Amino acid sequence: MQLAYIARRFAVFLLIVWLAATLNFFLPKLSGQDPVRAKLLQSAQLGGYVHAGLEDMVKEYDQRFGLDKPLWRQYLTYLRDTSHLDFNYSIANYPRTVREMVSEAVPWTVGLLGITTLLSFRSAHCWVRCSPGLARRAGCAG
Amino acid sequence: MSSHDMGRRAVVQGAAASTVAALTPIGLATAQPAAPPRNKTMTLVWGGREGRWVDFELWNPYSIGANHQNGPNIIYEPLAYYSAFADKTYMWLAESYQYSPDFKQLTIKTRPGIAWSDGKPFSAEDVAYTLNSLRELGPKVKWGVDVQQVVKEAKATDANTVVIDFVVPAPRFFFFMTYKYDIGVYIVPKHVFSGQDWTTFKHFDIAKGWPVSTGPWKVTDASLQQKVFERRPEWWAVKAGLAPLPALERTIWLPFAGEQAAAQALITNQLDASTGIQPATFQTLFRGNPKITTHSGQKPPFGYVDWWPISLYVNNEVKPFDDKDVRWALSHYIDRQQLIEVAYLGASQVSSLPMPPYPPLMPYFDAVKDLLAKYDTLAFDPKKGDALLSGKGFKKEGGFWADSQGKKLTLDIIGFGASGPAIGPVLSEMLKRRGIETSLSIPPDFDNRFQKGQYVGSIYGHGGSITEPYSTLRLYQGASMAVPGAHLVNFARWKNAAFDKITDEMYVTDPNDKPKMMELFHRAMEIWLPELPDIQLVQNFHRIPMNTTYWKNWPTAENPYVNGASWHLTYPIVLWNLQPV
């Protein structure tokens, strides 16, 4: 019974992760923008000069990032890489890898979240203890 | 302090008080251990993304993620500098150069006695290595295609001689490599870059002394908040007698975090130079700190003419703007003086041709005076505009022009950056009042749409000529036979085979052959002006407030040794010219 419950919960967890990953993949595609072209043009705009080989550069990096492949294939590659926690390069911050950026942020996110959770737990605990009625109902009077 | 620690600190600061951090980057960032005194430090604000240097680890300027404007411009020295304001070339890592008579070979003599910051000698090998790598890498890196198109091979024949063979005559190649504005080839140290993947190599490790440079600056701190450069007293150029040792010992570059923060920091003397100040804010700046000046002093236009004259582009492939008479009608409907008065509070200038009125280009402006008298690109003449549209079968109904089918003459304009929101609304209203159904938008994917030709009207500039007109003419070429595999800009999507041929002829002409250049330019303008592929509007201005509390000898109209943009490749010239007050 308990095993079936855990299996069901795990299946729901996988479904949610898959849905989130799928949305994460398709939502940026809806904008219709080519991220490589946007990145190169942003740089050209700052310099006021469009490099002679802009189109070749777009092709080169589309190929490098697999953006020249059909969408279904990009999606499958993305799911495979994501399941291995391989997020490849950040196009916006190239040549930094997404893993590099996430690993810098994770300890702080976890730390802040952890502290917040502990503090809120502690505050709630104090509040319950200080409210005799609540404490009785929660079964932790005394 | 490691960059990693700085990254963490940024996250904490951002989570704790992102608004405060955004408004007070100056106070946060100038707290440096063992900093030289304030009067030995020059602090400026420029660029960044959302108030952060997201590229702080990236000092290899060839990577597509890098931007030389954010610091590499003062790290990598060039073969030569060129100041368009002074019309002066400063031979730098190169001592001299010589083309073969057919311009298919270039021999460069590099200076002896130059060393990289890690002590290794600089030599012709570094130049040959840089060029050959660019040729091999092509579209993988910046400038790769430009080099690949023309360079067959670069050889270091001795420690101070590089011989470059071209596949086509290339009389402008040395100038292409020369630093001016945002164009120039960065010479990299072969002993560091060799064996590295140029597309991902960052060239950043402060403990190892990276980035390695021949210049007078070393990076001592780079983080999301700031980039700090310290002076290298052992700079070779001092011994060579080419430049004085910079008087400033440290320069701190902070990312732009909003006009208000920058203005306050300038007024309170925390900043020495900045960007992102609008014309309307300058009077406040001068009142708050009378020591603030600009290129034009404390008078409008509060800056200098950039190399990027602004136009109203119309897509020449979209009807009815494929018709030159319709384009000319639009031109006649625009009151450029009013545009300047309203959009820039009078702090701008009109632009008659798509190149800036820089001293070396003035003879070319003079050469087409006769044509400009006939085809006045600045004329405000609504009646002539009306006549042109009527001549094309348009009729005015209900205050708007419509074609014979009753379809309104509609112009949807897109814009971006500072120019779109400044000019766009005024221009749009001006054209509406003359009967053109005009709309304006500032789309986030402006660049993509503009570059792909997915637009009808657009406000944009011209990154073309500085010394002679070839680079501007090239912007309008529809096809090129002279440059094999050439990639063309042609934002206006205008096509004219005779114009293309003249531009190709100019490409193989020695730019120093002035009579031939003038003749070709005149012939090209005989085609271009009647056609008017895009509609000339105003000059683009760089409005840079410069603080004279601690530093003097900034470049100004009275002292125009170079333009004062910290993001341009010539900024090292400013840094060695600044003097303490």
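**Close-up views of chains A and B**

**Figure 1. Helix α3 of chain B lies across three strands, β5, β6 and β7.** In this predicted model, the helix covers residues 124-137 of chain B. Measure up its direction against β6(B) and you get an angle of about 165°.

**Figure 2. Here's an open sheet of four strands in chain B.** Reading across, the strand order is β4-β5-β7-β6, and the pairing is antiparallel. The edge places go to β4 (94-99) and β6 (151-158) of chain B; each has a single partner strand, so one side of each is left without a neighbour in the sheet. Step from one strand to the next and the twist averages 20°.

**Figure 3. Zooming in on one pair from that sheet, β5 and β7 of chain B run antiparallel.** Strand β5 takes in residues 105-110 of chain B and strand β7 residues 161-166, with five bridges linking the two. If you want a spot to centre on, try B:Gln105, which sits opposite B:Asp165 in β7(B).

**Figure 4. Strands β2 and β3 of chain B make a hairpin.** Residues 80-83 of chain B form β2 and residues 88-91 form β3; the two strands are antiparallel and share four bridges. Across the pair, B:Tyr82 faces B:Thr89 in β3(B). Four residues lie between the strands, and in the turn B:Asp87 has a positive phi of about 45°.

**Figure 5. Pulling back, this is chain B as a whole, with 20 helices and 23 strands.** Its radius of gyration is 25 Å, close to the 25 Å that the globule rule gives for 581 residues, so chain B is as compact as a globular protein of that length. Along the principal axes, the C-alpha atoms of chain B take up a box of roughly 75 × 60 × 40 Å. Buried residues account for 50% of the 581 in chain B. As for contacts in chain B between residues at least 6 apart in sequence, 69% of them link residues at least 24 apart.

**Figure 6. Over in chain A, two domains meet: domain 1 (2-98) and domain 2 (99-142), as given by the domain assignment.** Domain 1 of chain A puts six residues into the contact, and domain 2 of chain A puts in four residues. What classes of residue are on the side of domain 1 of chain A that touches domain 2 of chain A? That side has two nonpolar, three polar and one charged residues.

How values were computed:
Residues are numbered from 1 along each chain as its sequence is written. Chains are lettered from A and ligands numbered from 1 in the order in which they are written. This is a predicted model: local features need pLDDT of at least 70, side-chain atom pairs count only at pLDDT 80 or more; totals for chains, interfaces and linings use all residues. Two strands pair if DSSP finds at least two bridges between them. The radius of gyration is taken over C-alpha atoms; the globule rule is 2.2 Å times the number of residues to the power 0.38. A residue is buried if 20 or more other C-beta atoms lie within 10 Å of its own, exposed if 12 or fewer, and partly exposed in between; C-beta atoms are placed from the backbone. Two residues are in contact if their C-beta atoms, placed from the backbone, lie within 7 Å. Domain bounds come from an automatic or database domain assignment. Ala, Val, Leu, Ile, Met, Phe, Trp, Tyr, Cys and Pro count as nonpolar, Asp, Glu, Lys and Arg as charged, and the others, Gly among them, as polar. Axes are lines fitted to C-alpha atoms, for helices over the stretch in contact, and angles run from 0 to 180 degrees between N-to-C directions.
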